[in-house]
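Trainee: Before we look at any single residue, could you show me how to read a model like this one, feature by feature?

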Amino acid sequence: MFKYLLALACLLPASTHAETVPVPRQHPALQEFDTSRLDALRQRVQDVINAPADLAPDKVAAFVKTRGAAEAGDAQAMLELAQMLQQGEGAQRDTDAGLAWLKKAAEGGNGPAQAFLGAAYVHGQGMAVDRKLGEYWLRKGAAQDIELAHITLALQFETIHSSEEARAHALRWLKHYAENGYIPAYNEIGYRLMMTATDEAQRKEAFGWYMQAAKALDPPGLNNVAYSYEVGQGVPQSDEAALGWYEMAAIARSPPGQTGFARLLEQGRGGPTRQGPPPPPFALYLMAAQQGDEEAMERLVKVYEQGELGQAADAAQAALWREKLRQARATGGGRS
């Protein structure tokens, strides 16, 4: 009987005899980013782009009428015809013909067409990127007070190194967009104000814009709030606050945020992490470097040269990251 009971006990689920051993939780900054919703959104956009032409009789008639007016020299009709050809409305979609009519409309003095054409050159939409031509047409559109031209100039061409007039123009339009809920404008305003600040009051104002971006979970805003706390810029210095905000920036996939989080963890600054067990600094540096962050690349070069952060010295890997760093700097890199 004892042997029978022992055998029966062995068949029972282990949970009735022992506690389940918990699986260590991975820090969310290292978890795979879920792109399913983003992929679905991209597919919906692609479905709209690839939708068949609308050849309903009324649309065809409108296309014929608009083409006649455009061929007669009406610049507004040229723009409308360009849009019809781009969208396949009343005729088969023809992006090349649409672009040709857009250029004619811009050359004919149509402000919206000038803005659209300038933006197309800047972003390489249907043509090779040409920033010189892009700025030319954008300034033409801005002279006619076209909003798209104003904000594109503010974001693309009017930097902290521009004239005082251009900087003021950029801030005016960025604040206009911020007031209308364009979240990236918050961080952009903060950056411009911080980089040109001459006293603590101005730095505090800049930090306020960073914080607005961070509260909206904008990755660059999260990173800039963290950096401001790290160096005491516009806010009292605090390693603890810096670590917390860098942690959030890293979870939001900000490469500078990943690097900042790794740097403070490596240096033992800021206390415990908030969102999970502290991830290995090397893993964070590697993620940031793979996305082009130059500080992370610099750190990887030293890691592989000297065999640090649990990695063996590896001259080939050091040379690889040194070359990637050189290429990043040659192409101008970026900021976040």
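**The cores and what surrounds them**

Mentor: Let us begin with the interior of this predicted model, where the largest nonpolar core has 52 residues, and those with the most contacts inside it are Ile189, Phe207, Val225, Tyr229, Phe261 and Trp321. Helix 11 gives the most to this core, with seven residues, while a second, separate core of 21 residues includes Met78, Met84, Leu85 and Ala113.

Trainee: If I take Ile189 from that list, which residues is it in contact with, leaving aside its neighbours within four places in sequence?

Mentor: Once those neighbours are set aside, Ile189 is in contact with Leu171, Leu174, Lys175, Ala178 and Trp209.

Trainee: How much confidence does the predictor place in the protein chain, as judged by its mean pLDDT?

Mentor: The mean pLDDT of the protein chain is 90, and 90% of its residues reach 70 or more. Over residues 1-18, however, the pLDDT is below 50, and this stretch has two contacts in the model beyond near neighbours in sequence. Where pLDDT is low, the predicted coordinates should not be read in detail.

Trainee: How many helices and strands does the protein chain have, and what is its radius of gyration beside that of a compact globule?

Mentor: The protein chain has 17 helices and zero strands. Its radius of gyration is 28 Å, whereas a compact globule of 336 residues would be near 20 Å, and along its principal axes the C-alpha trace spans about 100 × 65 × 45 Å. Buried residues make up 39% of the 336 residues.

Trainee: How should I read a single helix, for instance helix 12, and which elements do its buried residues pack against?

Mentor: Begin with the span and then turn to the packing. Helix 12, residues 219-231, reaches 19 Å from its first C-alpha to its last, which is close to the 18 Å expected at 1.5 Å a residue. Its buried residues, among them Leu222, Val225, Ala226 and Tyr229, pack against helix 10, helix 11, helix 13 and helix 14. After helix 12 comes Gly232, whose phi is positive, near 70 degrees.

Trainee: Why is helix 15 said to be largely enclosed by the rest of the structure?

Mentor: Helix 15 is described in that way because seven of its ten residues are buried, including Phe282, Leu284, Tyr285 and Met287. Those buried residues pack against helix 14, helix 16 and helix 17, and helix 15 is followed by Gly292, with a positive phi near 95 degrees.

Trainee: Is Ala206 buried or exposed, and what does it touch?

Mentor: Ala206, which is placed in helix 11, counts as buried because its relative accessibility is 0%, under the 20% cut-off. Not counting residues up to four places away in sequence, Ala206 touches Gly190, Leu193 and Met194. The C-alpha atoms of Ala206 and Met195, eleven residues apart along the chain, are separated by 8.9 Å.

Trainee: Where does Thr273 lie, and which backbone oxygen lies 2.4 Å from a polar atom of its side chain?

Mentor: Thr273 sits in the loop between helix 14 and helix 15, and at 16% relative accessibility it counts as buried. The oxygen in question is that of Gly276, 2.4 Å from a polar atom of the Thr273 side chain. Leaving aside neighbours within four places in sequence, Thr273 is in contact with Glu247, Phe261, Leu265 and Pro278, and Phe261 is also one of the residues with the most contacts inside the largest nonpolar core.

Key: Residues are numbered from 1 along each chain as its sequence is written. This is a predicted model: local features need pLDDT of at least 70, side-chain atom pairs count only at pLDDT 80 or more; totals for chains, interfaces and linings use all residues. Side-chain values use heavy atoms; hydrogens and water are left out. pLDDT is the predictor's confidence in each residue, from 0 to 100. Contact means heavy atoms within 4.5 Å. Helices (H or I, at least four residues) and strands (E, at least two) are DSSP runs, numbered from the N terminus. The expected span of a helix is 1.5 Å times one less than its number of residues. Buried means under 20% relative accessible area, exposed over 50%, partly exposed in between (1.4 Å probe, protein chains only). A polar contact is a pair of N or O atoms within 3.5 Å; within protein, one must be able to donate a hydrogen and the other to accept it, and residues adjacent in sequence count only if both atoms are side-chain atoms. A nonpolar core is a set of buried Ala, Val, Leu, Ile, Met, Phe, Trp, Tyr and Cys residues joined through side-chain atoms within 4.5 Å. The radius of gyration is taken over C-alpha atoms; the globule rule is 2.2 Å times the number of residues to the power 0.38.
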